[in-house]
Amino acid sequence: MKNRYEALIVLNTQGKEDTVKDIVDRLESEFQKEGAEIEQVQKMDKRPFAYVAGPLDSGFYVNFVFHADPQLITKLRSKFKLDPEVYRQHYQRRDEKTERKERAPKKLAKAT
């Protein structure tokens, strides 16, 4: 059974800002090669970190929305951990029930 996931990946683009598109395309093909069905890729630009915890002070953020089997997340984590261009990664399962609640407009009380 495939679930819907979001993967927020921070790229280490230090000294290679002009190759960001190539890196994102390569990561997208890695997702597809492992069996994920990509729904959306959001390039969120380069942003500075709130605090410096390593050699980098900023990173290029990319958000992938995809459908995959739960076992695939572990495989992707370990694969991207070895990739020098992936600085950080975070995966989150998106429930359809949660998304419906987030999208539903709140009812306003009538003024009397």
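Q: At what angle do H1 and H2 pack, and how far apart are their axes?
A: In this predicted model, H1 and H2 pack at about 145 degrees. Their axes are 11 Å apart. The crossing is right-handed.

Q: Which residues of H1 and H2 make the contact?
A: H1 brings Leu 27, Glu 30 and Phe 31. H2 brings Leu 76, Lys 79 and Phe 80.

Q: Where does Glu 30 lie, and which residues does Glu 30 contact beyond its neighbours within four places in sequence?
A: Glu 30 lies in helix H1. Leaving those neighbours aside, Glu 30 is in contact with Lys 79 and Phe 80.

Q: Why is Glu 30 called buried or exposed?
A: The relative accessible area of Glu 30 is 13%. The cut-off for buried is under 20%. Glu 30 is therefore buried.

Q: What makes Lys 33 and Glu 30 a salt bridge?
A: Their closest N and O atoms are 3.6 Å apart. A salt bridge needs a Lys or Arg side-chain nitrogen within 4 Å of an Asp or Glu carboxyl oxygen. The pair therefore counts as a salt bridge.

Q: Why are Lys 33 and Glu 30 separated by about one helical turn?
A: Because they are three residues apart in helix H1.

Q: Why does Lys 33 count as buried or exposed?
A: Lys 33 has 61% relative accessibility. Exposed means over 50%. Lys 33 is therefore exposed, whereas Glu 30 is buried.

Q: Which residues do salt bridges that share partners join into one network?
A: The network holds Glu 30, Lys 33, Glu 34, Lys 75 and Lys 79.

Q: How many salt bridges does a search of the whole structure find?
A: The search finds eleven. One of them joins Glu 6 and Arg 94.

Q: How do you know that Glu 6 forms a salt bridge with Arg 94?
A: The closest N and O atoms of Glu 6 and Arg 94 are 3.4 Å apart. The limit is 4 Å, so the pair qualifies as a salt bridge.

Q: What makes Glu 6 and Arg 94 a tie between parts of the chain?
A: Glu 6 lies in strand E1 and Arg 94 in strand E4. The parts are 88 residues apart in sequence, so the salt bridge ties them together.

Q: Why do Glu 6 and Arg 94 fall in their accessibility classes?
A: Glu 6 has a relative accessible area of 23%. Partly exposed lies between under 20% and over 50%, so Glu 6 is partly exposed. Arg 94 is at 16%. That value is under 20%, so Arg 94 counts as buried.

Q: What makes Arg 26 and Asp 83 a salt bridge, and which parts of the chain do they link?
A: Their closest N and O atoms are 2.9 Å apart. The cut-off is within 4 Å, so Arg 26 and Asp 83 form a salt bridge. Arg 26 is in helix H1, and Asp 83 is in the loop between H2 and E4. The two are 57 residues apart, and the pair links distant parts of the chain.

Q: Why is Asp 83 called buried or exposed?
A: Asp 83 stands at 12% relative accessibility. Buried means under 20%, so Asp 83 counts as buried. Arg 26, at 29%, counts as partly exposed.

Q: How many residues has the largest nonpolar core, and which have the most contacts inside it?
A: The core has 21 residues. Leu 11, Phe 31, Phe 64 and Phe 66 have the most contacts inside it. Elements giving two or more residues are strands E1, E3 and E4 and helices H1 and H2.

Q: Which residues does Leu 11 contact beyond its neighbours within four places in sequence?
A: Leu 11 is in contact with nine residue positions listed here: Ile 23, Val 24, Leu 27, Gly 59, Phe 60, Val 62, Glu 85, Val 86 and Tyr 87.

Q: Why is Gln 14 called buried or exposed, and where is Gln 14 found?
A: Gln 14 is found in the loop between E1 and H1. Its relative accessibility is 52%. Exposed means over 50%, so Gln 14 counts as exposed.

Q: Which residues does Gln 14 contact, leaving aside its neighbours within four places in sequence?
A: Gln 14 is in contact with Pro 55 and Leu 56.

Notes: Residues numbered from 1 in each chain as written. Predicted model: local features only at pLDDT ≥ 70, side-chain atom pairs only at ≥ 80, totals over all residues. Heavy atoms only, no water. Core = buried A, V, L, I, M, F, W, Y, C linked by side-chain atoms within 4.5 Å. Buried < 20%, exposed > 50% of the residue type's maximum accessible area, 1.4 Å probe, protein only. Contact = heavy atoms within 4.5 Å. Axes fitted to C-alpha atoms, helices over the stretch in contact; angles between N-to-C directions. Left-handed = near helix turned anticlockwise from the far one by under 90°.
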